[in-house]
Amino acid sequence: MSAAGITPDATRRPFAGRRVRFGDLALQGVAGAAAAAATGLVGLIAWKLIEGAWPSITKFGVHFVTRVAWNPVIGKEAFGAASFLFGTAVTSLIALALAAPLAIGVALFLTELAPRALRAPVTALVETLAAIPSVVIGLWGIYVLGPILRDHVEPSLHSALGFIPLFGPPSSSGSSIFTAIVVLTIMILPIVASITRELFLGVPREQKEGALALGTTRWEMVRGVMFPYARGGIAAALILGLGRAVGEAIAVTQVIGGGVFIHWNLFDTGDTLASKIAASYQGAATNLEVASLVYLALILLVFSLLANLSAQWVVRRVGRRQGIGLNRGGAG
Amino acid sequence: MSSHNLTRAALRSEGLPRRRAKNRAMEALAWLAAAVAMGLLVLVVWSVARRGWSELNLDLITKTPASGFLATGKQGLANAFAGTLVIVAVATLMALPTGILVAVYLNEFAPAAVRGAVSVALDVLNGVPAIVIGIFVYGLFVLGHGQSALAGSFALAVIMLPLVARSTMEVLALVPSSLREASLALGIPRWRTTLSVVLPQTVGGIVTGTTLAVARAAGETAPLLFTSSIVGTQLHWNPHHALQSVPVAIFELSESPDPQDHARAWAAALILLLFSLFASLGGRWLATRSRRRIATSR
Amino acid sequence: MPKVGTLTRILALAIVAATVAVAAATTAGASSTKTSGTTISGAGSTFVSPLVSTWVPAVGGALGYELQYSAIGSSGGINAITGRTVDFGASDAPLSPDQFTACKGCTQIPWALAATSVMYNLPGVKNLLHMDGATLAKIFLGQVTQWDDPAIKKLNPGVNLPSTKITIAHRSDGSGTTYNFTDYLSKVSPAWKSQIGVGTSVNWPVGVGGRGSAGVSALVAQTQGSIGYADVAFALKNHFSYFAMKNLNGKYATPGAKGILAAAMSDVKPTAGTNELSIVNPPKKFPLAYPISTYTYVIVPLQSSKAPDLRKFLFWAVTHGQEAKYTAPLRFVPIPKSVLVVAEKAIAKIHS
């Protein structure tokens, strides 16, 4: 069965006995070459990264992933990804945890609660906010967000919740893991919100109205009809948001401060895989350091592949083509 | 959540006051979430607008950065704007035909299995972080040959490709097969049908996809950091050399201690933000429009 | 053939018009320095970038070259010239033997002389607080964390020091300034030497990282109580306070012309082959010496397609480029005669 517009197989084959025109072959060849190139790109990227990281892979092997170290001093050289994996995990997961309820709330608001007149403009706002370049958000993070967090938010959180190791002494410079978390939350929010909104719009009206007709409250309808229906898609949206957060290099490196340690205090500085690469690549001191940075990039590539493929798998498994538009991914 | 319980509770109006209270609470939470989310996002845009607006002047795009460490006086980011124009234009020239060809192949020629595989590959490519693409292109083109705007354009083209291909595929799918069949029945060869009959129907969608891709590419910093960042202060247009670009300029200015540099960064950020917003808004508006048009013309 | 919609046409025209307008505006306002079209591109040290950026218009005028310099840090410069991505690299950290080998026939030439200032942001407290190497090392090791620590108070009797927390600002990229600074700390603190060591990039135990001397300066500017290190020109430009460092003679020296020149007198003969000089922590007989001074080097391939232009530019740089009008405002000091002679010999060796 062909979807409307995809050339049915019958017309793909030339009519029996008709000689194949050169033009047809040429177009198919050129177009096919483009498709092959596009498909091969990912493989080429992986190969180039493995090639670049090879000196580090052979020297440190898999233990690279578990070592906390980044010392380019000749004679003391040691490199490891553990502190950056920790930084990536902490920043991305907490940002996702903050962005998810906000995004689902926005989506619910836009589909169920907002006055009609407000829906279109606010929707447009959310959609276009996904298009803000990361360097702009980073600039804002350094000079607007950082000082606010440093001077007001972090001291309050520390005095109120300081017994939790997460909220240790506040940072002195505005650059911290916490600032990076807020920045990432702002970046993931529009994507997850707009995908979730489209999912909610796709819930069949009959089901929603049926539940309401039975006397459920609106919240019970949302919980009983909309969430189960959109569950798979929301999961995929969250995974995509996570992938975006994991891959974000520029905005994070502008606000996170740098450091090679595993601390629990969110107000300390730190580094993620992507931000370490952005900060150190141009000025890497030795060839082994360059190779180790490419090793970090390789790990990052593996993560983003995993996130992307699992999001696609979730969507396929759920079975419905809900027009999620998986083309909203990507990181800056 | 068992629908059985839901139905039973609803039909019997069990515990209605409590359920209504819970409903009100959840609705309030949703309003709150929306307010917080919108507030944050509006805050960002408003901050940039406020700080950038006061610094916006014509010097920004007509003057180059000052050379000379202690130099004061009028300066701007002309080289960055010129560079972004060139880099994004060349990237579009690379990505647009390739993206269209990929979409044409997937829609018109590929068997279902191949279509699935290439689609997956395109989605995966879309999700590769831009910094990884930057390192990839660095290893491919810059190592041994030097930086160039061309290498930067290639990196941006890799980022743009899935977006262009996907948009084109969506509109190609909307073109009714009756159109193709009619053309073939008239004796027009496949290739001519595709190029002269089918593709022109999709121009709107292609423009949309390209607009969105350009909006995304113009704001990317990481790939250009590795491929086109060793630049001087003078104005250049030659894509064989490394050219300054607006996002990289903002990135560098954001790390400077000089408030004058920050002023220029805010102004450039405002321009970049406005461009991204308009392109994105415009692209989506065009998309809805062309989809409506194709749907009603069937 | 279906018509392209009117709106699409208008849009397309608008985009083309806007592009042409921007292009025209940028070209119209471009600087009118007439250059012969030869570009000499370089990258590297942020330490020397104040001086090189001052040279750009002068080189354009005197020699007709367009000088492009990108301050990406000394390590970045070494990488760039090793990969022949640029015509010359600039580094304050001398090349190691491995780096010389990797560069395949490069020569290292000292071409400027200045000092690393240790800058601080402490409103209400005077400039030129006293500091010595041992205490500075303790601060950067994270052992001294507040401004009113007894160690700092001892060095500055009579100064009212607040209890503000000290925030360290260091380089996150590979930096020759870091090399100079850690070289000094290693010489004055055995603890630093064994725990951290010398390098263009080290495992900083505490502090926030900034990219480039500009990044460190930005951190110092926005963080009260912070201490950072950068070429003294950055301290001047941003009106930062900086320490007067105690030298081996027991005097407190400042990173000015006198202090740098005195330090330079401690090593006037570049090592044969590498042309290296080490003037960090000069011995007692130099009472005025500022202990964190350093030469900075330009690294060029001995064989280059741009050899005649490179030679001309580099000759200009080590002679005219050292004139007071370029160096004095930035607290660079003209290289001494003995070093100039060696430099000129090395430059003459560049061939096509």
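# Group meeting talk: helices and a few single residues

Okay, let's start in chain B, where helix α5, residues 112-127, packs against helix α7, residues 149-174, at an angle of about 135 degrees, with the two axes 8 Å apart. Before I go on, please keep in mind that this is a predicted model.

Why give you those two values? Because an angle between the axes and a distance between the axes are how two packed helices are described. Now, are α5(B) and α7(B) parallel or oblique to each other? An angle of about 135 degrees falls outside the ranges for roughly parallel, roughly perpendicular and roughly antiparallel, the last of which needs over 145, so α5(B) and α7(B) are oblique. The crossing of α5(B) past α7(B) is left-handed. If you want to find the contact on screen, look on the α5(B) side for S119(B), L122(B), D123(B), L125(B) and N126(B). On the α7(B) side, look for V158(B), L161(B), P162(B), L163(B), A165(B), R166(B) and M169(B). Sorted by class, the contact of α5(B) with α7(B) comes out as eight nonpolar, two polar and two charged residues.

Let's stay with α7(B) and bring in another partner. Helix α6 of chain B, residues 130-142, packs with α7(B) at about 140 degrees, and here the axes are 9 Å apart. That angle makes α6(B) oblique to α7(B) as well. Which hand does the crossing of α6(B) and α7(B) have? It's right-handed. From α6(B), the contact uses A130(B), I133(B), F136(B), V137(B), L140(B), F141(B) and V142(B). From α7(B), you'll see A151(B), F154(B), A155(B), V158(B) and I159(B). And how do the residues of the contact of α6(B) with α7(B) divide by class? Twelve are nonpolar, with no polar and no charged ones. You may recognise V158(B): this residue is listed in the contact with α5(B), and it turns up in the contact with α6(B) too.

Two more stops in chain B. T84(B) sits in helix α4, residues 78-109. With a relative accessibility of 14%, T84(B) counts as buried, because the cut-off for buried is under 20%. What does T84(B) touch, if we skip residues up to four places away in sequence? The list is A89(B), Q244(B), S245(B), V246(B) and P247(B).

Then there's G39(B), in helix α2, which covers residues 16-55 of chain B. G39(B) is partly exposed, at 36% relative accessible area. Go from G39(B) to G282(B) and you travel 243 residues in sequence, while in space the two C-alpha atoms are 23 Å apart.

Right, over to chain A. How many helices and strands does chain A have? Eleven helices and two strands. Along the sequence, the order reads α-α-β-β-α-α-α-α-α-α-α-α-α. Chain A has 332 residues, and 61% of them count as buried. Take the contacts in chain A between residues at least 6 apart in sequence, and 74% of these join residues at least 24 apart.

One helix to zoom in on here is α10 of chain A, residues 273-280. Eight of its eight residues are buried, so the helix is largely enclosed by the rest of the structure. By name, the buried residues are L273(A), A274(A), S275(A), K276(A), I277(A), A278(A), A279(A) and S280(A).

Another residue to click on in chain A is T196(A), in helix α6, residues 177-201. Is T196(A) buried or exposed? Buried, with a relative accessible area of 0%. Its side chain reaches the backbone oxygen of V192(A) at 2.6 Å. Leaving out neighbours within four places in sequence, T196(A) is in contact with I104(A), A107(A), I234(A) and A237(A).

Last, chain C, and a pair of residues picked for their phi angles. H239(C) isn't a glycine, yet it has a positive phi of about 55 degrees. You'll find H239(C) in the loop between α10 (232-237) and β9 (241-242) of chain C. With 71% relative accessibility, H239(C) counts as exposed. N275(C), also a residue other than glycine, has a positive phi near 60 degrees. N275(C) is in the loop between α11 (257-264) and β12 (293-301) of chain C. So, buried or exposed for N275(C)? Buried, with a relative accessible area of 9%.

That's my tour, thanks for listening!

Key:
Residues numbered from 1 in each chain as written. Chains lettered and ligands numbered in written order. Predicted model: local features only at pLDDT ≥ 70, side-chain atom pairs only at ≥ 80, totals over all residues. Heavy atoms only, no water. Buried < 20%, exposed > 50% of the residue type's maximum accessible area, 1.4 Å probe, protein only. Helix = DSSP H or I, 4+ residues; strand = E, 2+ residues; numbered from the N terminus. Axes fitted to C-alpha atoms, helices over the stretch in contact; angles between N-to-C directions. Parallel < 35°, antiparallel > 145°, perpendicular 65-115°, else oblique. Left-handed = near helix turned anticlockwise from the far one by under 90°. Contact = heavy atoms within 4.5 Å. Nonpolar A, V, L, I, M, F, W, Y, C, P; charged D, E, K, R; others polar. Polar contact = N/O pair within 3.5 Å; in protein donor to acceptor, adjacent residues only side chain to side chain.
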